[in-house]
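I opened this notebook to record a check of backbone geometry. My aim was to look up unusual peptide bonds and unusual phi values, and to place each in its chain.

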Number of protein chains: 2
Amino acid sequence: MRYELYYWPMLQGRGEFVRLALEDAGADYVDVARQANGMAAMQALMADPSGDAADAAPLRQPFAPPFLKAGEQWIAQTANILFFLGPRLSLAPAEEARRLFINGLQLTIADAVTEAHDTHHPIASGLYYEDQKASARVRAGDFIDTRIPKFLGYFDQVIARNPAAGGWLATPEASYADLSLFQLVEGLHYAFPRGMRDFAQRFPRVAALRRNVAARERLAAYLASRRRLPFNEQGIFRHYPELDREPAG
Amino acid sequence: MRYELYYWPMLQGRGEFVRLALEDAGADYVDVARQANGMAAMQALMADPSGDAADAAPLRQPFAPPFLKAGEQWIAQTANILFFLGPRLSLAPAEEARRLFINGLQLTIADAVTEAHDTHHPIASGLYYEDQKASARVRAGDFIDTRIPKFLGYFDQVIARNPAAGGWLATPEASYADLSLFQLVEGLHYAFPRGMRDFAQRFPRVAALRRNVAARERLAAYLASRRRLPFNEQGIFRHYPELDREPAG
């Protein structure tokens with residue numbers, strides 16, 4: 001099965017959570033919009049997903065990228081794509097209870113990602129950052145002081161309460177939620193180097209997980225490759241120095 | 001199986017999406033925090049979810065309400081709870097492709113719910129509304145002008161492209177995503193009566209779905225009962241007249 005991932009080609013964004021899983025598993029996939037004419041192909045599919053199978057179109061229509069094509073099946077929404085891929089890539093068990101626990105973790109990571117985005121766009125995604133900078137500064141400060149500790153403290157506690165998982169969130173082998181938590185932490189470091197000061201002291205288990213993910217052989221090769229897009233100021237995690245500061249208190 | 005739902009007792013909030021599914025199915029459930037001493041019970045479980053099964057605790061820890069207990073299994077995150085309940089309540093098919101499509105719709109509804117919340121709290125959930133009212137007014141205006149049409153237009157198109165579903169989003173029988181879309185539309189009408197003017201003309205298929213959900217026998221009885229909490233200004237959908245206006249253009 002060659003998976004087709006559809007996502008904006010110029011940024012990590014939400015698509016990166018899917019890329020990390022595919023890369024870690026050594027899956028056969030194509031990042032469609034990064035190929036020649038790929039953006040046009042993606043936008044045509046979003047406008048009319050019926051393609052050559054008009055009767056399948058009702059179960060296709062995505063709201064936004066990323067979406068994944070797996071043969072005739074289309075899956076939209078990041079957490080949903082990872083839920084689908086998890087057991088297929090050996091990045092989640094097939095057993096329902098653990099699979100749903102991992103999905104709950106992934107949805108919590110997704111909530112944190114949305115909040116990280118909204119630090120620089122608290123008023124409207126469609127407006128310029130420059131036109132909401134004052135609000136952004138207040139929101140980013142609250143995010144650093146209260147939200148980062150709440151999210152990362154939660155994940156640190158989940159790891160602490162699960163010694164059988166040996167440092168991962170849920171299972172003795174890494175799951176896609178572990179890869180996603182790595183990506184969240186990478187993004188937070190990029191956006192808020194001062195806000196993340198003392199991260200490893202405050203969240204030691206999450207810090208260890210981050211190191212363990214980065215050391216995985218296929219993932220380390222991916223992160224060092226040109227396939228890994230750099231963080232930039234078009235993505236979810238943006239480094240605007242005026243939004244970054246050390247945590248209060 | 002008696003399900004135990006854990007959610008804040010004084011508001012509809014995200015728990016209401018789960019309540020609607022349980023009520024529509026006539027499921028045996030208890031809304032724990034609304035019982036005597038229920039809030040204390042919920043908070044004790046969140047602080048220490050191990051209870052009488054310490055070895056199961058690693059797969060329990062919720063980040064926030066709502067969460068559901070189904071015997072020994074705990075499920076957190078609204079969309080995850082509904083994914084679990086769907087086939088069990090006959091509100092989703094067991095077949096994977098349709099189930100994942102419905103999950104994708106539900107996650108898109110969840111995104112809209114978060115954005116609706118942030119219209120009145122664009123800066124920080126932990127700050128008073130009064131301290132972010134100016135930002136809220138701008139965000140609410142953008143939500144009315146661009147985000148409501150984007151979300152409801154998407155769902156209207158999904159229904160239009162799926163004539164086999166007979167007016168529902170995905171399947172010939174209503175799914176939990178249909179109930180959730182009803183709840184989103186109810187909340188938007190409560191919060192933004194002026195912003196939702198001409199709703200039925202602009203999104204006729206969503207309007208028909210809303211009427212069809214409200215007419216379902218068990219759901220109509222629930223909505224008329226005291227179990228249905230009223231919308232209020234502690235929940236996600238809040239009616240602040242200064243945030244409401246007609247769509248621009």
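I first fixed the terms: helices (H or I, at least four residues) and strands (E, at least two) are DSSP runs, numbered from the N terminus. The model I examined is predicted.

Entry 1, peptide bonds. I looked up where a cis peptide bond occurs in chain A, and found that one joins Pro65(A) and Pro66(A). Its omega is about 0 degrees. I then located Pro66(A) in the loop between α2 (38-47) and β3 (67-70) of chain A.

I turned to chain B and noted a cis peptide bond between Pro65(B) and Pro66(B), with omega about 0 degrees. Pro66(B) I placed in the loop that runs between α2 (38-47) and β3 (67-70) of chain B.

Entry 2, Asn37(B). I recorded a positive phi of about 65 degrees for Asn37(B), which is not a glycine. I found this residue in the loop between β2 (29-31) and α2 of chain B. Is Asn37(B) buried or exposed? I classed Asn37(B) as exposed because its relative accessibility is 68%, and exposed means over 50%.

Entry 3, Ser90(B). I noted that Ser90(B), also not a glycine, has a positive phi of about 55 degrees. Its place is the loop between α3 (78-88) and α4 (96-120) of chain B. The relative accessibility of Ser90(B) is 62%, so I entered this residue as exposed.

Conventions. Residues are numbered from 1 along each chain as its sequence is written. Chains are lettered from A and ligands numbered from 1 in the order in which they are written. This is a predicted model: local features need pLDDT of at least 70, side-chain atom pairs count only at pLDDT 80 or more; totals for chains, interfaces and linings use all residues. Side-chain values use heavy atoms; hydrogens and water are left out. Buried means under 20% relative accessible area, exposed over 50%, partly exposed in between (1.4 Å probe, protein chains only).
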